[in-house]
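Student: I'm new to this one and don't know where to start. Could we pick a single part and take a close look at it together?

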Amino acid sequence: MKIFDKFINLITYQEPNNYNFILPDAKNVSYEKSANGNEEKEPKKEPENVFPSIDVNKEFIKEKFSFKINNDIKIREFYIHIRGKEYASFLLYIDGMIDSKSINEFVIKPLMIKNRSNTSENTESIINTAIANNVTVKRVKKFDLKKHILEFLVPQNDVSLETKFKNIIQKVNAGNSALFIDTIDSAFMIDAKGFDKRSVSPPENESIIRGSQEGFIESIRTNTSLLRRIVNSENFIIEETTVGKISNTQVAICYLKNIANEGLVKEVKHRIKNVSIDYLVSSGQLEQLIEDSSISVPQLISSERPDRVSAYILEGRIAILVNGTPYGLVAPAVLIDFLTSAEDKNLKYQLANLLKAIRLLALFITLLLPGLYVAISAFHQELIPTELLFAIVASRSNVPFPVIFEILIMEISLELIRESGVRVPAPLGQAIGIVRSTYLR
């Protein structure tokens, strides 16, 4: 029995004691030796806001990103000549996640090349001139370096100012570039993402004959654009938040503000924003964290089809997209949704209802047939026609197992075949299929 118990413990998951799936907050700890030579831990508080000094910002960024050992973290240092003054600057980005051509042409080149907008010696600009009684009155506005850079020197479509290091680091990890300039206590966040991603392709698990042939991909921005092209309404709202203390995974909440129930929208936002977890890598993981119970009928629909998710949004439901996952979640879900195909909307209602009835019959057969077979063949043989009963008895005459054990073996064998078909690599799967078919013959 001890060997059997050890085997059961080996193959089953044992929930750890006093573990709440949350790592302690990481802190920047400096080690200093006390007078007796022992090491003492003294927490060092990290700065929150950007410093006006370019050197201090650079040292903090290098330490935060482990610049000496991180090969893909790039810092491009250069000088900007503005109105007779030179300002030390540096651009922070991650190699492989930005579009180098856009950075060179629309960020570094306009800043480094001298032109009329940045070589003038005037530090003030005239915004209004009036003449009264032969006296000229001029209203002069003081030169603003931040505004000048935003309006004249960075010809990018998406540029914003950030003062918090936490937000800057989060956006750089997401593929943005950060521009730091001396004497400015904020960073210019430039959206010039350029990482490779999979192109939009037909769905693999929800294929249909009539209908759209586009499926979600791993990029959340591409997925939101697929939904917006179909919904095509100014009332279509896409709110984004982050989940995961370490991963900071982008999550998009999509709904129609004039159709979706406000209470439902607030509930979805509340559940997602109150998820306390260290990392989030898939929509299936988020589904388990926000649903009511994991042992009941699923409360959310998982789909890789933008047209199906858009149809649910137009009905007043809420879609949830997770960055890095080609599946969208829809809340709430009812039982009939799992018996509905994406192609039903392209068919006449008579045929669509007939197909739903067939799926419902298949559901009952799947759930009840093994139990009915055991009950009838083992306890109620009088319900079976005589000729069929003789055939069943003759086929089971050489089987040394009871009926229920035979059903369990069959169910487990089907699960093994399904797992092998999904998990085994394609070249190896073909070889196993040939061997299996030869054995069955």
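How much space lies in the second largest pocket?

Tutor: Before we look, keep in mind that this is a predicted model, where local features need pLDDT of at least 70 and side-chain atom pairs count only at pLDDT 80 or more, while totals for chains, interfaces and linings use all residues. Residues are numbered from 1 along each chain as its sequence is written, and side-chain values use heavy atoms, leaving out hydrogens and water.

Now to your pocket: it holds about 260 Å³ of space. (A pocket is an open set of points on a 1 Å grid where a 1.4 Å probe fits, with protein on both sides within 12 Å along at least five of seven lines; lining residues have an atom within 4 Å of a point. The volume is what probe spheres on the points fill.) Its lining is made of 16 residues, and if you want to find the centre, look for Arg308, Ala311, Ser341, Ala342 and Lys345, the closest ones to that spot. By character, 8 of the lining residues are charged (Asp, Glu, Lys or Arg), 5 are polar and 3 are nonpolar.

Which element should you follow from here? Helix α10 is a good pick, since the largest share of the lining, 4 residues, comes from it. (Helices are DSSP runs of H or I with at least four residues, strands are E runs of at least two.)

To see what α10 sits on, we need the sheet first. This is an open sheet of 5 strands, and reading across it you meet β10, β11, β13, β14 and then β12, with antiparallel pairing. (Strands pair if DSSP finds at least two bridges between them.) At the edges stand β10 and β12, the latter covering residues 301-303; each has a single partner strand, so one side of each is left without a neighbour in the sheet.

Step inside the sheet and you find β13 (residues 318-322) and β14 (residues 328-331), an antiparallel pair joined over 4 bridges. Within that pair, Leu321 of the sheet stands opposite Gly328, which belongs to β14. Two helices pack on the sheet. Helix α8 (residues 262-273) touches β10, β11, β13 and β14, a contact being heavy atoms within 4.5 Å. Then there's our pocket helix again: α10 (residues 306-314) packs on the sheet too, and touches β10, β11, β12, β13 and β14.

Let's follow the sheet to its β10 edge. There β10 (residues 236-243) runs antiparallel to β11 (residues 249-256), and 8 bridges link the two. Look at Val243: its bridge partner in β11 is Thr249. The hairpin these strands make has 5 residues between them, and Gly244 in that hairpin takes a positive phi near 110°.

While you're at this edge, stop at Thr241, a residue of strand β10. With a relative accessibility of 17%, Thr241 counts as buried (buried means under 20% relative accessible area, with a 1.4 Å probe and protein chains only). Leaving aside residues up to four places away in sequence, Thr241 touches Thr249, Gln250, Val251, Ile272 and Lys273. Find Thr249 in that list and you're back at the bridge partner of Val243.

So that's our route: a pocket of about 260 Å³, then α10 with the largest share of its lining, and then the sheet on which α10 packs.

Technical notes. Axes fitted to C-alpha atoms, helices over the stretch in contact; angles between N-to-C directions. Buried < 20%, exposed > 50% of the residue type's maximum accessible area, 1.4 Å probe, protein only.
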